[in-house]
Amino acid sequence: MNTYKKMAIILIAMTLVLANCKPRQPSKAQPASQPRSVSIAVFIPGAASGSPIYEMLAVGVKQAADEYNAASAGQPVAVQVIEAGYNQAEWEAKLTALAASGNYDLIVSSNPSLPELARTVRTKFPSQRFLLLDGELSGDPGIYTLRYNQREQAYMAGYLAALFIVEAGGGKAGLIAGQEYPAMLQTILPGYREGAGAVDPGIEIDFRVAGNWYDAAKCAELAAGMIKAGVRVILCVAGGANEGAVQAAVEAGPDAARIIWFDTNGYAVRPPYIIGSCVIRQDKAAYSKIKLFLEDALPFGRAELAGLRDGYVDFVEDDPLYVTAVSASVREKQGGMLRRLRSRELVLED
Ligand code: RBF
């Protein structure tokens with residue numbers, strides 16, 4: 001090969017490497033000609049520990065960044081996880097400070113209250129972009145949201161709760177929420193009631209609110225009171241406080257009370273007390289949406305909804321701990337309902 005050919009090959013190779021290193025979405029603060037890494041903040045509105053919905057968020061973002069970095073040497077995607085804590089009154093100021101720093105090409109978060117906060121922040125820092133899961137807002141060109149079909153998720157829980165209770169000879173179905181919020185009152189609680197009612201129209205639902213997302217002692221006290229009042233199955237949607245409900249069930253014994261887990265697979269938390277796991281795939285959502293962002297293809301301005309048929313909502317049937325926690329007859333009936341949902345014979349629009 002002559003020297004010119006060699007030089008041409010080297011030049012082409014360098015151009016390709018440099019093209020690969022180009023930051024996908026340079027922030028306004030830096031001149032576009034200066035290559036820099038892409039910086040992503042994961043804003044946890046609460047604490048990651050004990051709230052699987054937040055743990056999954058960080059896992060999915062990091063996985064997408066790691067894969068991107070492994071494939072493109074040079075300009076890495078940096079991910080920083082920031083816990084905002086449980087004082088909700090501080091979230092807007094903390095989010096504003098993140099945007100004001102100008103350090104992040106994208107702020108990722110999850111929670112139904114985040115879209116409004118992000119919209120407010122963007123009035124002051126219009127170049128700051130947000131990817132928000134478990135929330136909904138359309139029409140803001142710097143915000144993308146993805147919400148899950150939680151009517152499906154809660155319906156599956158209610159259906160199982162009632163199947164279990166009917167087989168056990170009667171009782172009430174319970175739900176403990178961390179706090180009252182629109183998605184809880186308008187979707188999750190009605191979905192749970194609807195699912196339970198499909199099995200036993202006369203079933204009574206005992207709904208209680210812990211008042212926060214961390215106080216396991218408060219949750220244990222609530223759950224113990226519910227069990228005393230005849231509740232046999234409790235759906236827990238109280239984040240880090242959920243463990244209190246598990247403790248109360250264990251103290252009462254497996255014949256008195258059982259638990260249904262929400263958001264992640266919780267069978268292993270305390271077998272055989274956890275009889276069902278109604279999951280959302282927030283890790284998968286975070287992973288695939290961050291990948292889109294890095295490819296410059298995230299549809300900012302849009303609000304998307306994902307459910308069972310999209311693979312973002314599911315009930316975990318194939319865990320051996322599920323098989324040992326409930327009878328074959330309950331599993332068969334729950335499976336029948338799931339098949340109807342999957343085939344769209346049963347449609348639960350959110
Ligand atoms: N869910 C949690 O698991 N942990 C939390 O700390 C938490 N904090 C929340 C704060 C607010 C203001 C709202 C509206 C919801 C919160 N959720 C939390 C509930 C979460 O968004 C979701 O509804 C549940 O995880 C069920 O999927």
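In which loop is proline 272 found? The structure is a predicted model, in which local features need pLDDT of at least 70 and side-chain atom pairs count only at pLDDT 80 or more, while totals for chains, interfaces and linings use all residues. Residues are numbered from 1 along each chain as its sequence is written, and side-chain values use heavy atoms, with hydrogens and water left out. Proline 272 lies in the loop between E9 and strand E10 (274-280), strands (E, at least two residues) and helices (H or I, at least four) being DSSP runs numbered from the N terminus. The peptide bond that joins proline 271 to proline 272 is cis, with omega near -5°. Aspartate 263, which belongs to strand E9, has a positive phi, near 85°, although this residue is not glycine. Most residues other than glycine have a negative phi, and most peptide bonds are trans.

Strand E9 (258-263) and helix H2 (52-71) each contribute at least two residues to the shell around the ligand. Of the 18 residues around the ligand (a heavy atom within 4 Å of it), Ser51, Asp134, Gln150, Tyr181 and Asp263 come nearest. The shell comprises nine nonpolar, seven polar and two charged residues, where Ala, Val, Leu, Ile, Met, Phe, Trp, Tyr, Cys and Pro count as nonpolar, Asp, Glu, Lys and Arg as charged, and the others, Gly among them, as polar. Because domain 1 (38-149 + 283-308) and domain 2 (150-280 + 311-343) both give residues to this shell, the ligand lies between them; the domain bounds come from an automatic or database domain assignment.

Several side chains place N or O atoms within 3.5 Å of N or O atoms of the ligand, the cut-off for a polar contact. A polar side-chain atom of aspartate 134 is 2.6 Å from a ligand oxygen atom, and a polar side-chain atom of tyrosine 181 is likewise 2.6 Å from an oxygen atom of the ligand. In the side chain of tryptophan 213, an N or O atom lies 3.4 Å from a nitrogen atom of the ligand. Taken alone, the ligand exposes 530 Å², of which the protein buries 97% (Shrake-Rupley method, 1.4 Å probe).

Technical notes. Polar contact = N/O pair within 3.5 Å; in protein donor to acceptor, adjacent residues only side chain to side chain.
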